Amino acid sequence: MSKPHWLALLCLPNSPDDGAVALGWWALQFTPRVAILEEAVVLELSSSLRLFGGLRALPRRIQTEGLPMGLSACAWAPNSLAALALARNGVVNGLQKPVSELLDALPLQALSAVQAQAPMLARLGCRCLGDVRALPRAALARRFGDALLLAMDQAYGDQAQVHRWLQAPELFEARLELPFRVDHAPALLHYAQHLLRQMCAWLAARHAGLKRFELMWAFDAMRARDCGSSGSLSIGTVDTTRDFTHLSRLLAEHLAQTLLPAPVSDL
């Protein structure tokens, strides 16, 4: 049985709330074992490495192709929580050395359960995870409860983690409330691209493409009575695709020729 190879992917700090989900959908093209872990997407890739060129080729591909999806950092480790802790601290390769050695050097903020107790742990003289691990377990459990010990045990590989695997829905539909009312159709492109990236990630997860998609919008409630409540564009392609750049260009061309009878509030 192959050793587990976990990869944690962090989104850009200013990513939307659903950014991790879209990044997770995109990651499903590499493995079905994808989960959301706190602010990160984690992937177990041991069974996929050979298919995608090995431990050197696959990370390079994920880093390159993940940038447009909002990927900001990633890290490898033998388990998902260790990968997340390393990614938070800019340590990319958690497989070259024993994971305990790497984790011991990380600050208390590397694990959320430890960070929650950081002020008290600091008063006990702890500055890194190794300091916490050196404290008597019984005393840690009495003072801080089970959550801290469980997180430490899982990160160090002494206890297994349970994950809820992410699944792409059968149908894609997404909505976005605009931060302000938009009067001109070309100005909708910036916000529509956010939905478009989600759609392309969903298509990648399903190993699929499309020939047509629809962008709809709702007009602001303070509109003229004769303009209706909504509008839409149906965009078609000659060939089946999930290429974001191509679809974005088509959408831009259609929006450039569209006149809005009222300000738009939702896409």
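Student: Which residues are linked with Glu39 in a network of salt bridges?

Tutor: This is a predicted model, and side-chain atom pairs count in it only at pLDDT 80 or more. Glu39 forms a salt bridge with Arg88, the closest N and O atoms being 2.8 Å apart. One further residue joins these two, and the network consists of Glu38, Glu39 and Arg88.

Student: How many residues apart in sequence are the parts that Glu39 and Arg88 tie together?

Tutor: Glu39 sits in the loop between β2 and β3. Arg88 belongs to helix α3, residues 80–88. The pair therefore ties together parts whose separation in sequence is 49 residues.

Student: Is Arg88 buried or partly exposed?

Tutor: Buried requires under 20% relative accessible area, and exposed requires over 50%. Its partner Glu39 has 38% and counts as partly exposed. Arg88 has a relative accessible area of 26%, so the class is partly exposed.

Student: How many salt bridges does the structure hold?

Tutor: A salt bridge needs the nitrogen within 4 Å of the carboxyl oxygen. Arg33 and Glu44 meet in one, at 3.5 Å, N to O. For the structure, the count is 9.

Student: Where does Glu44 lie, given its salt bridge with Arg33?

Tutor: Arg33 lies in the loop between α1 (19–27) and β2 (34–37). The pair ties together parts that are 11 residues apart in sequence. Glu44 is found in strand β3, residues 40–44.

Student: Which residue counts as buried, with 6% relative accessibility?

Tutor: Take the Arg33 and Glu44 salt bridge. Arg33 is partly exposed, at 34% relative accessible area. The buried residue, at 6%, is Glu44.

Student: What is the N to O distance between Asp220 and Arg181?

Tutor: The two side chains meet in a salt bridge. Asp220 counts as buried at 13% relative accessibility, and Arg181 as partly exposed at 41%. The N to O distance is 2.5 Å.

Student: Which helix gives the most to the largest nonpolar core?

Tutor: That core has 59 residues. Those with the most contacts inside it are Leu9, Trp26, Trp217 and Leu267. One helix, spanning residues 189–205, gives the most, with 12 residues, and that helix is α10.

Student: How many residues does the second, separate core have?

Tutor: The largest core has 59 residues. The second one is separate and includes Leu81, Leu84, Ala87 and Ala118. Its count is 37 residues.

Student: How far apart are the end C-alpha atoms of α10?

Tutor: The expected span takes 1.5 Å times one less than the number of residues. For the 17 residues of α10 this gives 24 Å, and the model agrees. The end C-alpha atoms are apart by 24 Å.

Student: How many of the 17 residues of α10 are buried?

Tutor: The helix is mostly covered. One of its residues is Gln198, which counts as buried at 7% relative accessibility. For α10 the buried count is 14.

Student: Which residue follows α10, with a positive phi?

Tutor: The helix covers residues 189–205. The residue that follows has a phi near 50 degrees. That residue is His207.

Student: What is the angle between the planes of Phe30 and Phe52?

Tutor: The structure holds 6 aromatic pairs. Phe30 and Phe52 form one of them, at 5.3 Å centre to centre. Planes over 60 degrees apart count as edge-to-face, and this pair does, at 70 degrees.

Student: Which residue in helix α10 pairs with Phe172?

Tutor: Phe172 lies in the loop between α9 (146–155) and β5. The pair is tilted, with 5.8 Å between centres and 40 degrees between planes. Phe172 is partly exposed at 21%, whereas its partner is buried at 13%. The partner is Trp202.

Student: Which residue is linked with Phe172 and Trp202 into a cluster?

Tutor: Ring pairs make the link. Gln198 touches this residue too, as well as Phe172. The third member of the cluster is Trp25.

Student: Which residue lies over the face of Phe244?

Tutor: For a charge over a ring, CZ of Arg has to be within 6 Å of the ring centre. Here the distance from the ring centre is 3.9 Å. The residue over the face is Arg197.

Technical notes. Residues are numbered from 1 along each chain as its sequence is written. Side-chain values use heavy atoms; hydrogens and water are left out. Helices (H or I, at least four residues) and strands (E, at least two) are DSSP runs, numbered from the N terminus. Buried means under 20% relative accessible area, exposed over 50%, partly exposed in between (1.4 Å probe, protein chains only). A nonpolar core is a set of buried Ala, Val, Leu, Ile, Met, Phe, Trp, Tyr and Cys residues joined through side-chain atoms within 4.5 Å. Contact means heavy atoms within 4.5 Å. Rings of Phe, Tyr and Trp (its six-membered ring) pair if their centres lie within 6.5 Å; planes under 30 degrees apart count as stacked, over 60 as edge-to-face and the rest as tilted. A charge sits over a ring if NZ of Lys or CZ of Arg is within 6 Å of the ring centre and within 35 degrees of the ring normal. Lists of a residue's contacts leave out its neighbours within four places in sequence.
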